[in-house]
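Subject: Structure handover

Hi,

Here is the structure I said I would pass on. Have a look at it first, and then read my notes underneath.

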Amino acid sequence: MTKTKPLLEARQVFKGFFGNPVLKGVDIALEPGRVHALLGENGAGKSTLINLLSGALQPDKGDIVVDGKPVSRFSPAAAREAGIAVVQQELSLAAELSIAENIGLGALPRRFGLIDYKALSASVAEVCERVGLTEPLDMPVGDLSLGRRQMVEIAKALFRKPRVLILDEPTSSLSAHEAGILAGLIRKLRDEGIALLYISHRLNEVQALCSHVTVLKDGVVTADQPLAGVDDEGLVRLMVGRDAGDLFPAWQDHPAGAELIHLKKFSAGTALDVDFQASAGEIIGIGGLVGQGQEDFLLGLYGAIPASAEKAEISGSHRPLKRVEAANQAGLAYVPADRKHEGLVLPHSIASNLLLPSLGNLVKHGLRDRAAERNLVADLAKRLTIKGDVTRPVQALSGGNQQKVALAKWLPLDPSVLLLNDPTRGVDIETKREIYLMLQSFAREGKLVILLSSDTPELVHLCDRVAVFREGRVVATLPRADISEEAIVGAAMGVSAKGAAA
Amino acid sequence: MNALKSAFRNPPLLTLILVILVWIVASLTLRGFGAFGHLRYLLELSAVIGIVAAGQTLVILMGGIDLSVGAVITVTAILLPLISPDIDPTGLVGIVLALGIASSIGFLNGVGAAYLRVPPIIMTLAMATFLQGMLVIVAGGSAVSVTNATVIWLGQARPFGIPAGVLLWVAVSIVVLLIIHRMPAGARFLALGANPLATELSGVSVKRNTLLLFTLSGFFAGLAGILILGMNRQGYVGIGDPYLLTSIAAVVLGGTSILGGRGTYAGTIPGAILLVTTTALITVVNASPGWRSIMFGSLILALLLISGREARR
């Protein structure tokens, strides 16, 4: 193997915020024609490192090196100049602009001072085809699902013809099909000699795509080595610094109790004619490709969008719930997938967020009972190991801790039905495990957990039954014995799998 | 240094400090400014703005805005003398009726904003225009004199040397501060202002709270209208107009985010006093009304740059 020169490097970079060191002397070298994995738990410093590599932040100490030469003030403009493109985890698209405009933004072709849409379409058509964007190019990005938007984001990065491409959790909102296209694309880019940095919490993807890995833990590199010969357990050990045992807790039987939900021909939004039954003490998985009506099903159950049904018994109510408050009173709680926009009031404190659903229950003489509130918040923070000052804004927390807040705020209401929409998306492994254990304990306490997940192994390891959605309908309901990744994916893709009958 | 820094991060405190500084400097340089009677008069004028701005603060905290407060003040000031029955010597019946009308107007604003999904800025502006047209028809452009005993007492009496209007403002302030900081409703308003979607999904009804807030805003505007009527002894078309911009400016001067989700009435209180003081200072300067308006506008802008600035993260 010939020694290739790295295109982009960080050498002994240090970076801290408000006196907290985040990166403590990190090295990384991205070589052409290689897919380099960057692993680490949330809070390990991955995002900060990416920001340094893309010029969004400057290191306190150490160098960013492009083509072997240290760059003194590495700005976003300098990074663009150097051919570095980043596909952000936080989508950076303008919802009102079209697909073509978003991709071409910054280099829009003009004619007589106006945007030349013909030239624009022509220039972005190729890149759209590469990523499998078949939607009309003049469609507003806001009309696309999260997964499709991610593909636009990728197309936008590719449009700049980068030499270095940094992908920050690109598949977290993609369907299996889209993820497959992306994987093919990454391999092709690699073969073209582009240096790729791939950040993901999904180890199977990392194993399939990457040949080299850098592992960050608490701001230092704990491994920088070829991936060959390292298995998943080894990777997890490197990330958490201990033997992870299993990511998933051992299966526990939790006997089903009284029936809590019984639906016949339940429709809400894109969910159509769903027949569904679930009882206390069960963990029911909701699977399928992204955007097949699963989310609308949960929202309809929760009374957040209008729903209709031939027969609907939801936690004692004999018709679909009409309002979220009614759902809360009936004992339902919902944890949204998009915690930043739907789950949390980001600028407000951790305590305010934790208290929001139960404010009305902590009242003395018509006024808020501060002592009771403090006790409750302290108790919740302790139970969920949310460390530090609870008066900090919740946006100061890492993704995993934010998710814990989004979940914990419901506990004081003691809900009997938990509707969880992809609760572990973008969450670090440690927190994932904590959430899994929490779900099991909910079931043991006799709560019904309905778990919508885009991470199929979760469904396999945690659920008593899995309902697989396709085009708004439940196409298969897999009992525990028949749940496997193959069966779920097969049903989701419309491939007939064993035991699939709804 | 640290105390200074924290003051800069605390807009209500900063606004209060600014008021005190302006009062001290003006008292030392302008003859008569620092006299008790003059300062008391400034507070009396501030009370009106402060009471209108109470409702405005609540609405803005939730991410809305109420552009109909000026019109509601005028409606109250003109209708109250007309609807106060002569057989009621206390005048309380008229006051209750007038406040009922003002609250109903607010309620209608809320219905438009919550159920018809008209943006608050449009809904309340349309309401203001509608009310103004109605007043021209009802009052026909002539001033209406008030004989209602309670209203006159409110506008003229000074128990223990303190204007009744200022006492009313103190009462309003206590209630509003309790709502915002000590009641579940206040926390819900703030959460709605910062992220309505997440708040709705947490079981807080956007519709019900919108309705409640606009009704409250109508109520407080009506209360201010009654106070102004008592102070002027006359109601006429346009009497409430100056209070629209000033109520919003007082809120923003106090550090409340015009986008909602962050702020407190504790800032609006010194904000209202600061506005009135500024106006008074401009009046002292011998200038034509046109120049006075220009100076007033520029000063509001300048004050906002100093104090009510959106805190940067």
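A:E313 sits in strand β17 of chain A, which covers residues 311–314. With a relative accessible area of 30%, A:E313 is partly exposed. Its C-alpha lies 6.3 Å from that of A:L263, although the two are 50 residues apart along the chain. Bear in mind throughout that this is a predicted model.

Next, the aromatics. There are seven aromatic pairs over all chains. One of them joins A:F276 and A:F297, edge-to-face, with 5.1 Å from centre to centre and 65° between the planes. A:F276 belongs to strand β14 (residues 271–279) of chain A and A:F297 to helix α9 (residues 294–301) of chain A, so this pair ties together parts that are 21 residues apart in sequence. A:F276 counts as buried at 5% relative accessibility, and A:F297 is buried too, at 0%.

A:F297 has another partner in A:F469: their ring centres are 5.4 Å apart and the planes are at 45°, so that pair is tilted. Since A:F469 lies in strand β23 (residues 465–470) of chain A and A:F297 in helix α9, the contact ties together parts 172 residues apart in sequence. Both A:F297 and A:F469 are buried. Add A:F266 and you have the whole group: A:F266, A:F276, A:F297 and A:F469 form one aromatic cluster.

Two charged side chains in chain A also caught my eye. The charged end of A:K61 sits over the ring of A:F14, 4.5 Å from the ring centre. The charged end of A:R480 does likewise over the ring of A:W251, 3.7 Å from its centre.

On to the helices of chain B. Helix α13 (residues 265–284) of chain B has 20 residues and spans 29 Å from its first C-alpha to its last, close to the expected 28 Å. Of those 20 residues, 15 are buried, so α13(B) is largely enclosed by the rest of the structure. The N-terminal end of α13(B) is capped by B:T264, where a side-chain oxygen is 2.9 Å from the backbone nitrogen of B:A266.

Helix α3 (residues 36–61) of chain B has a bend of about 30° at B:A53. α3(B) is mostly covered as well, with 20 of its 26 residues buried. After α3(B) comes B:G63, which has a positive phi near 95°.

And where do positive phi values turn up outside glycine? Two cases are worth opening in your viewer, A:D414 and B:R233. As background, most residues other than glycine have a negative phi. A:D414 has a phi near 50° and is in the loop between α14 (399–408) and β21 (417–421) of chain A. At 53% relative accessibility, A:D414 counts as exposed. B:R233 has a phi of about 60° and is in the loop between α11 (206–232) and β2 (234–235) of chain B. B:R233 counts as partly exposed, at 41% relative accessibility.

Last, the cysteines. How many disulfides does the whole structure hold? A search finds zero over all chains. Among the cysteines, A:C128 counts as buried at 2% relative accessibility, and A:C210 counts as buried at 9%.

Cheers

Technical notes. Residues numbered from 1 in each chain as written. Chains lettered and ligands numbered in written order. Predicted model: local features only at pLDDT ≥ 70, side-chain atom pairs only at ≥ 80, totals over all residues. Heavy atoms only, no water. Helix = DSSP H or I, 4+ residues; strand = E, 2+ residues; numbered from the N terminus. Expected span 1.5 Å × (residues − 1). Buried < 20%, exposed > 50% of the residue type's maximum accessible area, 1.4 Å probe, protein only. Polar contact = N/O pair within 3.5 Å; in protein donor to acceptor, adjacent residues only side chain to side chain. Phe/Tyr/Trp six-rings, centres within 6.5 Å; stacked < 30°, edge-to-face > 60°. Lys NZ or Arg CZ within 6 Å of the ring centre and 35° of its normal. Bend = angle between axes of the 7 residues up to and from the residue. Disulfide = S-S within 2.5 Å.
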